[in-house]
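Below is a short report on one protein model. It moves from a single side chain out to the fold, then back to a few polar residues.

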Amino acid sequence: GLVGAGGLARWAHPEFGLLSPAAFLDLALVSESSVPFALKMIDHAARMIRRLVDLGQPIPIAANIAMGTLRDGHFAAALLDTLARHGVSPELLVLELTESDPLWPNPIVLSGLQSLVDAGVRLSIDDFGTGHSTLDRLRSIKVHELKIDRSFVAGMVDDELQCEIVRSIVGLAQ
């Protein structure tokens, strides 16, 4: 059966039509609007989770956030308030973080992440295997899932080394 889902932002641009996240996400995540943007995405995810729960399908929904949003000391509390406003259990939200985000070691960011994990929010590392200090980052906070980068998975059927790397990552995750 279905074990989870994820959402991707799209921008209905008045001149260029429907744009994928690749066209605007990097800019949105480094601008002053990164926190409001992230909270809007969390609000959409919470509404979808609420609909699924009401249909008897409590399926976790994943939402990508940039570590930079957690530099805002109010982001974690605002995220939890958004979930509470929709009557959504924190365990049904999965936050996807990219492994290569340079803010991993930032104590303020890690404190915000820890408060979310303590409340029950699940953490997922996206593009796993492409960043620096992977094992150190896994040690710094409880991570619930690793999403192995597609560059390893795509060729694993034909490449024994890639297959062994994927097996090793799965073993590490377990």
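## A leucine and its surroundings

Start with leucine 70. Setting aside neighbours within four places in sequence, leucine 70 is in contact with Ile65, Phe75, Ile108, Val109, Gly112, Leu113 and Leu116. The model is predicted, and local features are reported only at pLDDT of at least 70.

Leu70 belongs to the largest nonpolar core, which has 30 residues. Within this core, Leu70, Leu79, Leu93, Leu95 and Leu113 touch the most other members. Helix 2 (34–54), strand 4 (61–64), helix 3 (75–85), strand 5 (93–98) and helix 4 (107–119) are the elements that give two or more residues to the core. Helix 2 supplies the largest share, 7 residues. In soluble globular proteins, nonpolar side chains tend to be buried together.

## The fold as a whole

How many helices and strands does the protein have? The secondary structure comes to 7 helices and 7 strands. Along the sequence, the pattern reads β-β-β-α-α-β-α-β-α-β-α-β-α-α.

The protein has 174 residues, and 39% of them are buried. Its exposed surface is about 10,100 Å². Carbon and sulfur atoms supply 58% of that surface. Among contacts with a separation of 6 or more, 62% are between residues 24 or more positions apart.

## The sheet

An open sheet is built from 5 strands in the order 1-4-5-6-7, with parallel pairing. Strand 1 (5–6) and strand 7 (145–148) stand at the edges. Each has a single partner strand, so one side of each is left without a neighbour in the sheet.

Strand 1 pairs with strand 4 in the parallel sense over 2 bridges. Alanine 5 stands opposite isoleucine 61 in strand 4. Strand 4 also runs parallel to strand 5, and 4 bridges join the two. Here alanine 63 has leucine 95 in strand 5 as its bridge partner. Leu95 is also one of the residues that touch the most other members of the core.

Strand 5 is largely enclosed by the rest of the structure, because 5 of its 6 residues are buried.

## Helix 3 and its two faces

Which residues of helix 3 are buried? They are Phe75, Ala76, Leu79, Thr82 and Leu83. Seen down the helix axis, these buried residues fall within an arc of 120°, so they line one face of helix 3. They pack against helix 2, strand 5 and helix 4. The face turned away from the buried side carries the exposed residues Asp81, Ala84 and Arg85.

Two residues of helix 3 link back to the opening section. Phe75 is in contact with leucine 70. Leu79 is among the core residues that touch the most other members.

Glycine 87 follows helix 3. Its phi is positive, near 65°.

## Two charged residues

Arginine 50 and glutamate 96 sit in different settings. The table lists polar contacts made by their side chains.

| Side chain | Partner | Distance |
|---|---|---|
| Arginine 50 | Aspartate 54, side chain | 2.8 Å |
| Arginine 50 | Glycine 87, backbone oxygen | 2.5 Å |
| Glutamate 96 | Asparagine 64, side chain | 3.5 Å |
| Glutamate 96 | Lysine 147, side chain | 2.8 Å |

Take arginine 50 first. Arginine 50 lies in helix 2. Is arginine 50 buried, partly exposed or exposed? Its relative accessible area is 24%, so arginine 50 is partly exposed. Leaving aside neighbours within four places in sequence, arginine 50 is in contact with His86, Gly87 and Val88. Arginine 50 and glycine 87 are 37 residues apart along the chain, yet their C-alpha atoms are separated by 7.1 Å.

Now glutamate 96, which lies in strand 5. Glutamate 96 is buried, because its relative accessible area is 6% and the cut-off for buried is under 20%. Not counting residues up to four places away in sequence, glutamate 96 touches Ala62, Ala63, Asn64, Ile65, Ser124, Asp126 and Lys147. Ile65 also appears among the contacts of leucine 70.

Key. Residues are numbered from 1 along each chain as its sequence is written. This is a predicted model: local features need pLDDT of at least 70, side-chain atom pairs count only at pLDDT 80 or more; totals for chains, interfaces and linings use all residues. Side-chain values use heavy atoms; hydrogens and water are left out. A nonpolar core is a set of buried Ala, Val, Leu, Ile, Met, Phe, Trp, Tyr and Cys residues joined through side-chain atoms within 4.5 Å. Buried means under 20% relative accessible area, exposed over 50%, partly exposed in between (1.4 Å probe, protein chains only). Helices (H or I, at least four residues) and strands (E, at least two) are DSSP runs, numbered from the N terminus. Contact means heavy atoms within 4.5 Å. A polar contact is a pair of N or O atoms within 3.5 Å; within protein, one must be able to donate a hydrogen and the other to accept it, and residues adjacent in sequence count only if both atoms are side-chain atoms. The arc is that of the directions from the helix axis to the C-beta atoms. Accessible areas come from the Shrake-Rupley method with a 1.4 Å probe; for residues, only the protein chains shown count as cover. Two strands pair if DSSP finds at least two bridges between them.
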